[in-house]
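Trainee: I should like a close look at a single part of this structure, namely the site around the ligand. Please describe it in one connected account.

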Amino acid sequence: MAAVRALGFDRGRLWAIDQRALPDRLIIRRFARVREVADAIRSMAIRGAPSIGVAGAYGMALASREGRWTVAAARRLLLATRPTAVDLAVGVDRVARAWRDGDDPLSAADAYRAEIVDACRRIGRHGAPLLRRVERVLTHCNAGALATVEWGTALAPIRLAHTERPELFVWVDETRPLLQGARLTAWELARERIPHAVIADNAAGYFMRRGEVDAVIVGADRIARNGDTANKIGTYEKAVVARENGVPFYVAAPWSTFDARRATGDAIPVEERSPEELLRWGTRRAAPRSSSARNPAFDITPGHLVTAFVTPDGVYRPRDLARALARRERRPQKSG
Ligand code: MRU
């Protein structure tokens, strides 16, 4: 089966798989205006840090063609959609710069997309050897092609390792409340016949304690200089339980997800979404009408709980991360 491609640009419009409809229906939506792109990101039709960065880049390119947006207004609109993933600002700002400098915004967005796809391919190459002796790997949320345009971050090493060892098995956390694991990660793995099982979010500890998880690998939405990592709510708990059980915990991300300006995770803005996402169970209510709820979309995993970061340029221990980021600051390179 052909590899998944989450979004692209064709005949003057951004197209994207509507991730809200999966796994039941594969719907492609097309966007001709920046406001439509902003709505798609806000409603999570397009989601996952690198994917919203690329969508944001194309949103800016569309705004530049609409003729009624300033660079600043289009940028503000897009950045107001979701606060946690720094990739969004990286993609938007790449095209904002081109637009301000009189370069072609669409070419800048195309180049950004290509960088992200290439970065994920390289993450796969560097991450696959970490899974060489792993029989069962656990992942949380969706850090696959849907979240990154192609390949994935956490799923890229898994995809590559699977081609060498088809028996590699993946535990898929369901990822309440929007079920990115059960709906999206399982959909990607099923298409490629990668053996997997969906588990309730709160079952991960059970399987780790039984010795049925050999490694955990997740993506990220923003990583501070000290390695503190914002990722889907529930990631922190997985990291704590992994440490308790001696299971390695890897975070895979392109450079666009690292935010060297934030010293620690305390400075990372965490999106809190509508309580309704939690209070509904499909079409039914999951709690009494009078109940309230809190719905943080992300949590922060302290850097010291991360065994290693898998990047497009290699694998870094948390203690080496700040130096690697400083090196990149001195010699600015591609964001992917
Ligand atoms: O709220 P979402 O579904 O956009 O959250 C996505 C995640 O938390 C992913 O793990 C993260 O963006 C990494 S994607 C490669």
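Mentor: A polar contact is a pair of N or O atoms within 3.5 Å. By that cut-off, D221 makes such a contact with the ligand, because a polar atom of the D221 side chain is 2.9 Å from an oxygen atom of the ligand. The model that we are examining is a predicted one, and every distance quoted here is computed from it.

The backbone contributes as well. At A49, a backbone N or O atom is placed 2.9 Å from a ligand oxygen atom. At G48, a polar backbone atom and an oxygen atom of the ligand are 3.1 Å apart. Of the 410 Å² of accessible area that the ligand has on its own, the protein covers 100%. The space that the ligand takes up is the largest cavity.

Three elements each give two or more residues to the shell around the ligand: α2 (49-66), α6 (145-148) and β9 (229-232). The shell can also be described by domain, since domain 1 (7-120) and domain 2 (124-330) each supply at least three of its residues.

In number, the residues that surround the ligand come to 19, and the closest are R47, R82, Q180, N231 and K232. By character, the residues of this shell comprise eight that are nonpolar, seven that are polar and four that are charged.

Some backbone features complete the account, and they are best taken by loop. The loop between β5 (169-173) and α8 (180-191) contains P177. The peptide bond leading from R176 into P177 is cis, with omega near 0 degrees. A second cis peptide bond joins L22 to P23, with omega near 5 degrees. P23 belongs to the loop between β2 (13-17) and β3 (28-31). In the loop between β1 (7-10) and β2 lies R11, a residue that is not a glycine and yet has a positive phi of about 45 degrees.

To return to the ligand, its oxygen atoms are approached by a polar side-chain atom of D221 at 2.9 Å, by a backbone N or O atom of A49 at 2.9 Å and by a polar backbone atom of G48 at 3.1 Å.

Technical notes. Residues numbered from 1 in each chain as written. Predicted model: local features only at pLDDT ≥ 70, side-chain atom pairs only at ≥ 80, totals over all residues. Heavy atoms only, no water. Near = heavy atom within 4 Å. Polar contact = N/O pair within 3.5 Å; in protein donor to acceptor, adjacent residues only side chain to side chain. Areas by Shrake-Rupley, 256 points an atom, 1.4 Å probe, with all protein chains shown as cover. 1 Å grid on protein atoms, 1.4 Å probe; cavity = no way out; pocket = protein on both sides within 12 Å on 5 of 7 lines; lining within 4 Å. Sits in = over half its atoms within 2 Å of the grid points. Helix = DSSP H or I, 4+ residues; strand = E, 2+ residues; numbered from the N terminus. Nonpolar A, V, L, I, M, F, W, Y, C, P; charged D, E, K, R; others polar. Domains from an automatic or database assignment.
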